Structure formats: C-alpha cells, structure tokens
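Want to learn how to read a protein model, feature by feature? Let's go through one together.

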Amino acid sequence: MSVSPYFNCPDFSDDYIELAANTLLRDYMAWCDGDDLVPVRAEVIAEQFLEYTIEITNEGIFSDPECLGGIVFNENCIKINSTVENHEGRYNFTIAHEIGHHVLHRDIYLEQRVNENNRIICREAGDKPLVEQQADRFAAALLMPKEEVSAAFALVDEGSLPTSTPTTKALRALANKVVVIGGFSNVSNTAMVNRLVDLRLVSGAKYQTGTPQDFLRKSPSFSWVTNNQLSRAVYKLFCWVSEKLK
Amino acid sequence: MSELGFGETVASLRANKQMGLRELGRAVDISAMHISNLEKGKSMPSPELVTKLAAVLDGNLDELLHLADQIDPAVVDVIQNNPQSVPSFLRSAKDLTPEQWEALQRQVDKMNKQTTKKK
C-alpha cells in the first residue's frame, strides 16, 4: 500500500481500475439503453449519468493552459480548460480522467478532507502523483475498453504489426489503425498508443507523453489559487524591479 | 412558464437532447466556453443567439427571450416599421386580460389569413 502525496489513497491495482471503469460503463449502458458503446461519450456520462456539471473556463487556475482540468467534489462540478475544447482527444480524456477521480477517489477524499487545508494539486511534468496515474489509467480504460481495443487490434492485418522493438512512428501508425477499425473517434493517437502498451498488445515499447495537470480542492471558491497567483505575480514584479535597480 | 433562469433552462434543454457543450456550441456557431458561461449565468446572449438556441434545442423562443431579457429581432422590426401605431396600440392594450389578448390574437390570425388569401 503506497500513500499519495495529497491524501491517503490505496495503491489500486490495474485490474481493480479496469474493473471500476468497466462497471461504470456497464451501468451507463444499462441506463442509456441502446447507445453504441464506442466512442464512449465521456461528456454524457459525466453530465447526465453522474450528474456533474461541466464548466469550460479560462479563469483562475485555468488561465494556465497547462492546467487541463479539475473536479470539485462538493459542488459536483468538473472544470475543463478552454484551451482543450478544440482538441477532441484531449477534451474527452480530461473529462474521463476527472470521472476517474470521482469513481476512485471521491469517497476517500471527502472522508479525509476534514484535516486538510485548502490547496491545489498540480501535476508536474515527469513523475505523476499516484492519484493522477490512477485517474489516467481509469480514463484509458473508460474510453478504450479492453475488449473493444483487443477486438479492433485483432483485425489489424499482420503486415501492419510492428516488430519486437517498434519505433514511435510504427506505434502511432498501428494506433491509428486500431482507432479507425474500432471507431474510437474521440481518442488521440497518443492515448491509443499508451493503451496498446498498457494492455501489452505491443511489447518492447515505453511510450508516455503529455503533461496534463489536475487539482483537487475542498473550498467552494478559488480564492486560494487566485491569491497564490497574485503572490507569484507580485513576486515576479519584485524580481523585475530588483533587477532593474541593480 | 418555467421558473428556471435562462442558463438553467438552456442546460435542461441540452440535457433533454443529450447534447454536449461543444456540440451545442458548434450548432450555434459559438465556443463551448460561451455556452458554459451562459449556462452558469456568467454572460447573457444576444437576441440572435437566443433565436438560434431555441431552434437547435427545440425550446420556446418567446420563453427563452423573456428569460434572457431580450426582444425578438422580428418584434423590434415590427415596432420600427410602425413607429407610431405599435407603441400607441400597446399603450392602449396594456390593461387587457389574458383572455382578451387571446381574442385579439385570434382576430389578428384571422386578418393574416384574409391577407394571405387576397395575395
């Protein structure tokens, strides 16, 4: 059991996360009664099935384009950076990632928040906190269900399959074929490459890009964030003035 | 008449149609963030945008215009094309009961039909 830097979160196994995503998908499919599973409509799942509101914004913390999305548990609100809205894959993955926090972390977070101070959690490029890795894994499992990806992969002609040590280019070409064959029209090639690697459908490759950021907070406003940003701006101004006075 | 505000009504109509924010934005030629801001009450729409939203969401145009504190551009045209008679008529009709308004509407519909036949 490892501990996240933000709150005590179990180190959920990949199988557990896959199961959690599949369970949500199964419940959603029963609820919507007749929709096609793929492409998985993360927006509809979030808004209509889980009854979250989605807010697309460039305010506060989201003035930073690196901060892609966040979830406010006690307001049932998912916030998405407006810079993402025109990127089909990134938009859906960000929503699916926040759904992952809802499914995996909401109850744990709300139980523990009593002892927490207001704070923002941003993912840095490089090492991701455990909760963020889990939400990413969940998002991939939700948008690219194992069975559907495996079925599409099986239909890729053998000549298109990469060698034992595939290049990035070969992986991307393969991912594109799986996206087209499987009808995964709302996921990016990068996400599909990662999924193929995660599912061990391709081997000898390590491929992970993107530095999305995320946050969890407990206060109903962004005042801490705003104040912090103001402090940083004042600090930058101070540095600039000091430099000029030298 | 709905007791919801404009933003909530749009959100409710969008949910009924199972449309995403981006899907609705594309349908009415504005960004998803603009739709999001409208639903959150952070901004209010132009009458032209309300007209588009009503058409795409199958909403009641007059109700949406009322909730958005806007007047149908077509109504504005009628007033501007009849700068004396329309204001005068509205002033004299201000105390009519709902039933009288309905009777008046029927009369106007009848006149419209007669005009169409003559054409």
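What follows is a short chat between a learner and a teacher.

Q: Before we start, what kind of model is this, and how are things numbered?

A: This is a predicted model, where local features need pLDDT of at least 70, side-chain atom pairs count only at pLDDT 80 or more, and totals for chains, interfaces and linings use all residues. Residues are numbered from 1 along each chain as its sequence is written, chains are lettered from A and ligands numbered from 1 in the order in which they are written, and side-chain values use heavy atoms, with hydrogens and water left out.

Q: How many helices and strands does chain A have?

A: Helices (H or I, at least four residues) and strands (E, at least two) are DSSP runs, numbered from the N terminus. Chain A has eight helices and three strands. Going along the sequence, you read α-α-β-β-β-α-α-α-α-α-α.

Q: What share of chain A counts as buried?

A: Buried means under 20% relative accessible area, exposed means over 50%, and partly exposed is in between (1.4 Å probe, protein chains only). In chain A, 48% of the 246 residues count as buried. As for the outside, accessible areas come from the Shrake-Rupley method with a 1.4 Å probe, and for residues only the protein chains shown count as cover. Chain A exposes about 12500 Å², with carbon and sulfur atoms supplying 51% of it.

Q: How do I read contacts along the sequence?

A: Contact means heavy atoms within 4.5 Å. Take the contacts in chain A with a separation of 6 or more: 72% of them come from residues 24 or more positions apart. For a single case, look at A42(A), in helix α2 (residues 42-49) of chain A. A42(A) counts as buried because its relative accessibility is 0%. Setting aside neighbours within four places in sequence, A42(A) touches N92(A), I95(A), A96(A), I99(A) and L143(A). Also, A42(A) and N186(A) sit 144 residues apart in sequence, while their C-alpha atoms are 9.4 Å apart in space.

Q: Is Q134(A) buried or exposed?

A: Q134(A) belongs to helix α4 (residues 130-143) of chain A. With a relative accessibility of 3%, Q134(A) counts as buried. Its contacts, leaving aside neighbours within four places in sequence, include C9(A), F12(A) and L104(A).

Q: Why can one side of a helix be buried?

A: An α-helix has 3.6 residues a turn, so residues three or four places apart point the same way. Try α6(A): its buried residues are L171(A), L174(A), A175(A), V178(A) and V179(A). They cover an arc of only 140° around the axis, which puts them on the same side of α6(A). That arc is the one made by the directions from the helix axis to the C-beta atoms. On the other side of α6(A), K169(A) and V180(A) are exposed. Among what covers the buried residues of α6(A) are α5 (146-154) and α7 (189-198) of chain A.

Q: How do I check the length of that helix?

A: The expected span is 1.5 Å times one less than the number of residues. Helix α6 (residues 168-182) of chain A has 15 residues and should span 21 Å; its end C-alpha atoms are 21 Å apart, which agrees.

Q: Which residues of helix α4 in chain B are buried?

A: In α4 (residues 47-57) of chain B, the buried ones are P47(B), L49(B), V50(B), L53(B), A54(B) and L57(B). Down the axis of α4(B), they fall within an arc of 155°, so they line one face of the helix. They pack against α1 (6-16), α2 (21-27), α3 (32-39), α5 (61-67) and α6 of chain B.

Q: What about backbone angles?

A: Look for special values in the loops. Just after α4(B), D58(B) has a positive phi of about 55°, although D58(B) is not a glycine. D58(B) is exposed, with a relative accessible area of 56%. Q18(B), in the loop between α1 and α2 of chain B, is a residue other than glycine with a positive phi near 55°. In chain A, a cis peptide bond joins V38(A) and P39(A), with omega about 0°. P39(A) is in the loop between α1 (14-32) and α2 of chain A.
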